[in-house]
Amino acid sequence: MRTTTSSAARRTRLRYAVPAAVASASLFLAACGGGSGDGGDGGDGGSSGAPAADVLDKASGVTTVAFWHAMDGTNAEALTKLVSDFNAQNTGKIEVKATYAGKYDDAITKYKAAIQSKSTPDVIQIYDIGTRFMIDAKQTIPMQAFIDRDKLDVSDLQPNITGYYSIDDKLNSMPFNTSMPVLYYNKSLFTKAGLDPEKPPQDLVAIRTAAEKLSKKAGGPADYGFGAAIYGWLLEQFIATDGKEYCDQGNGRDGKATKVQFDSPESVEVVKWWQTMVKDGLAANTGRDTKAAQAAFKSGQLAITLESTGQLGGFSKAAKEGGWELGAANYPHIKAGTEGGPIIGGASLWINGENHEDANKEAAWRFVKFLADKKSQAQWHIGTGYFPISKGALEEPSDVEYRKANPLFDVAVKQLENTKLSKATQGCLLGVMPQARKASEDGLEAALNGTDPQEAMTKAAESLKSQIDQYNSSVE
Amino acid sequence: MTTTTGEPVLAEHDPDRPNQPPQAQSNNAAGSGAKRERWVALGYLLPALVIFGLFIFWPLVKSILLSVQGTDILGNPSGFVGFVNYTRLFGDPDFLQVLWVTFAFTVLTVIPSIAIALLIALLLQSRIRGVRFFRTAFALPFAFSVATASVIFGVLFNPASGVLNGILNTFGVDKVQWLTNPDLALWSVSGATVWMQIGYNLLVLSAGLGALPEDVLEAARLDGASGLRLQRSIVMPLLTPQLFFLVVVGTIHSLQSFGQIKILTVGGPEDRTTTLVYSIYEQAFANNNSNYGYASAQAMVLLIIVLIITALQFGVLERKVFYR
């Protein structure tokens, strides 16, 4: 009798336990279910064209432009300044309301939810690797429609920057914050190691040779001669400086890309080189967190690193505080003498047309045009260190002044101007580009931890196959 | 204390089994009264039912539906695909690793966090000066949010400037890559998680120890039990309800851990800290993914795992629990 009672008691408790488990597991399901709605038919519906140019004159009252961005810290301050300048110029006509939508990844996730609830902002800033997705989401009006309507002269825009965001010479979105990769090195450590501080290494072999003199292991002054984050962007750059394409279909410019090519011989060569450097104690493996590699370079543990122009300010400050001299140079090539150059990175501005009033589209265009203007771009460049998209911005007196104070920035300017625009340097357009970048990092990381480079990169590239197919079939 | 049957007396008055209300099967006119009572009961239950339904059961149903559908690039269901998401899931060799990591992480966090908390709780029972201070101090991790604690641990784990390597360095140990060494990362994240959970476990166990019946302890002492013998044979059995509670809650909690993984390792290196929940997040929300179908299939697997483990715990482990 006693046993039956207690087993009944157990059963009772079990009955409590099951809902408890369901409840707890459902927490995550709730999050997953959140994205499903029935909206977002995404049809063209005539909303992909520019409105009539005089629509704003006919509109009464103030047209409010909702603007979502992904800038924080000092970048956000500089952006807020630009927005309030624009609002002051358009008092009584247009008012831009800027909202921080989280980091790039969060912003695009939020944007997807907004598409489903038909509440997209008038203007949104989306990272470079979201470009193909933005085109396929069919929510936006291409910049080219406005440019053609206004017969606007866009020769002031840097072609190497607009190239990324163009297909068939038609501009989809307006580049805004732009950065480029460069090679940074510690001149003081170079001198200590007996290397010429004015001759930074410009290819893989040269970096290794320098690292052999710089690294502690070989009796050099730095912990490691070389070190960079496991960051897919850097691998993309090596492929581009080699003049090769990252994905097929002419880097996704001739048609929808169907596979990535970071398992190609050139790419594997980079990975193998990197792996051997780490194995031989000449390079540090600081993991995927870019901040870790930055910190190591700032504190003088690394003599050479690869980073974006966006780090110039932080590195200069660290050099000044640490009493060493910073150097910057072109992004290295795999082999000397290859024809190619780096791809720009950053983000661009998109104008949403689907479910938006004509007056808003026009007001959004005026705002975008304002941000792309040389004066705004000079101000933006000085305030943030991002590369100006306007050639004229570099001639603005304030900008000339800025570059006099930060002469290393001219390295990036020259690098961009000397890069021949090709499909390789335009960069790969791929719907699942964020995933591709991550997969390449998986491969690189595995290799740095000892997996065979070819095997690691092939596995990473193959893991994307089904995702690319799925993406392509769902946007047909 | 019945020791002969192994099934203690306890079921006879079980606090978890409140007196069942007498079933209203009366012959007189109580029929309508019972009916009204049922409506009243329903009224009381309604708020809870609505909230549960809206936030727990509806999403659950929705997830089941999503898991058998494809997803377009915006995250909309793109039509019924049957069990494709599930077959893809179980055909994926990486998924096996995800399950293994989830299991390892749970074991590495639940057991140490209870064991260490128990040890501290026992030590804090001693009547020394300032014990109240220590009680508060040791329970303090409970007051930290996962995000805050993770950021702090991130700083401690920093290979170049972190305190941990600083200490090791004074002993001549070379830099340890706490979070980027594939063989070490899971241990580091688990260690941080154990720290976060100790505070709560300590509170529960201290309360349990404080409520031990003085007469039973007294009797045991009179019988000559002391020290370890007293702890093992008297205190531990009396503490089993709290320990059991912590195992169940801790397991569910660990299976759902997310913040520390996102902040400390982002699932890396080489996905060696990608647990099931983190994998769901990655498929659904990270890197511009919106594979809600695939993520929902994983969520179903998580649900079933949690159900099985909880059922096992209640079915097997609870036999050892000593309810007074």
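These are my notebook entries on a predicted model with chains A and B.

**Entry 1: chain A as a whole**

I began with the element count. Chain A holds 22 helices and 13 strands. Next I looked up how spread out the chain is. Its radius of gyration is 25 Å, close to the 23 Å that the globule rule gives for 476 residues, so chain A is as compact as a globular protein of that length. I then took the box along the principal axes. The C-alpha atoms of chain A fill roughly 90 × 65 × 45 Å. What share of the 476 residues in chain A is buried? I found 54%.

**Entry 2: chain B as a whole**

I repeated the look-up for chain B. I noted 12 helices and two strands. Along the sequence, the pattern reads α-β-β-α-α-α-α-α-α-α-α-α-α-α. The radius of gyration of chain B is 25 Å, well over the 20 Å from the globule rule for 324 residues, so chain B is more spread out than a compact globule. The C-alpha trace of chain B spans about 70 × 65 × 35 Å along its principal axes. Of the 324 residues in chain B, 35% are buried.

**Entry 3: what the UniProt record says about chain B**

I turned to the annotations. The UniProt entry is unreviewed, and it marks "transmembrane region" on residues 39-61, 98-124, 136-157, 194-213, 234-255 and 297-317 of chain B. I checked two of these spans in the model. Residues 98-124 are 96% helix and 0% strand, and their end C-alpha atoms lie 38 Å apart. Residues 194-213 are 85% helix and 0% strand, with end C-alpha atoms 30 Å apart.

The unreviewed UniProt entry also gives "domain: ABC transmembrane type-1" for residues 99-313 of chain B. I looked at that span too. It is 72% helix and 0% strand. Its end C-alpha atoms lie 19 Å apart.

**Entry 4: α3 against α7 in chain B**

I picked out a helix pair. Helix α3 covers residues 93-123 of chain B, and helix α7 covers residues 185-210 of chain B. Their axes are 7 Å apart, and the packing angle is about 40°. How do α3(B) and α7(B) lie to each other? They are oblique, because an angle counts as roughly parallel only under 35 degrees and as roughly perpendicular from 65 to 115. The crossing of α3(B) and α7(B) is right-handed. I also sorted the residues in this contact by class. There are 18 nonpolar and seven polar residues, and no charged ones.

**Entry 5: α2 against α12 in chain B**

I took a second pair. Helix α2 (residues 84-91) of chain B packs on helix α12 (residues 292-315) of chain B at about 70°. The axes of this pair are 9 Å apart. α2(B) and α12(B) are therefore roughly perpendicular to each other. Left-handed or right-handed, how does α2(B) pass α12(B)? I noted a right-handed crossing.

**Entry 6: positive phi angles**

I went looking for backbone angles with a positive phi. Most residues other than glycine have a negative phi. I wrote down two residues that depart from this.

A:N251 has a phi near 55°, a positive value, and is not a glycine. A:N251 sits in helix α11 (residues 248-252) of chain A. Buried or exposed, what is A:N251? A:N251 is buried, because 24 other C-beta atoms lie within 10 Å, and the cut-off for buried is 20 or more.

B:N288 is not a glycine either, yet its phi is positive at about 60°. I located B:N288 in the loop between α11 (276-284) and α12 of chain B. B:N288 is buried too, with 23 other C-beta atoms within 10 Å.

**Entry 7: helix α8 of chain B**

I checked helix α8 (residues 214-222) of chain B for cover. How many of its nine residues are buried? The count is zero, and the helix is hardly covered. I then looked just past its end. B:G224 comes just after α8(B) and takes a positive phi of about 95°.

**Entry 8: A:A296**

My last look-up was in chain A. A:A296 is part of helix α13 (residues 290-298) of chain A. A:A296 counts as buried, because it has 23 C-beta neighbours inside 10 Å. I also noted a distance to A:T286. The two residues are 10 apart along the chain, and their C-alpha atoms are separated by 8.3 Å.

Notes
Residues numbered from 1 in each chain as written. Chains lettered and ligands numbered in written order. Predicted model: local features only at pLDDT ≥ 70, side-chain atom pairs only at ≥ 80, totals over all residues. Axes fitted to C-alpha atoms, helices over the stretch in contact; angles between N-to-C directions. Helix = DSSP H or I, 4+ residues; strand = E, 2+ residues; numbered from the N terminus. Parallel < 35°, antiparallel > 145°, perpendicular 65-115°, else oblique. Left-handed = near helix turned anticlockwise from the far one by under 90°. Nonpolar A, V, L, I, M, F, W, Y, C, P; charged D, E, K, R; others polar. UniProt positions renumbered as here; feature names shortened; annotations may be inferred. Rg over C-alpha atoms; globule rule 2.2 N^0.38 Å. Buried ≥ 20, exposed ≤ 12 C-beta atoms within 10 Å, placed from the backbone.
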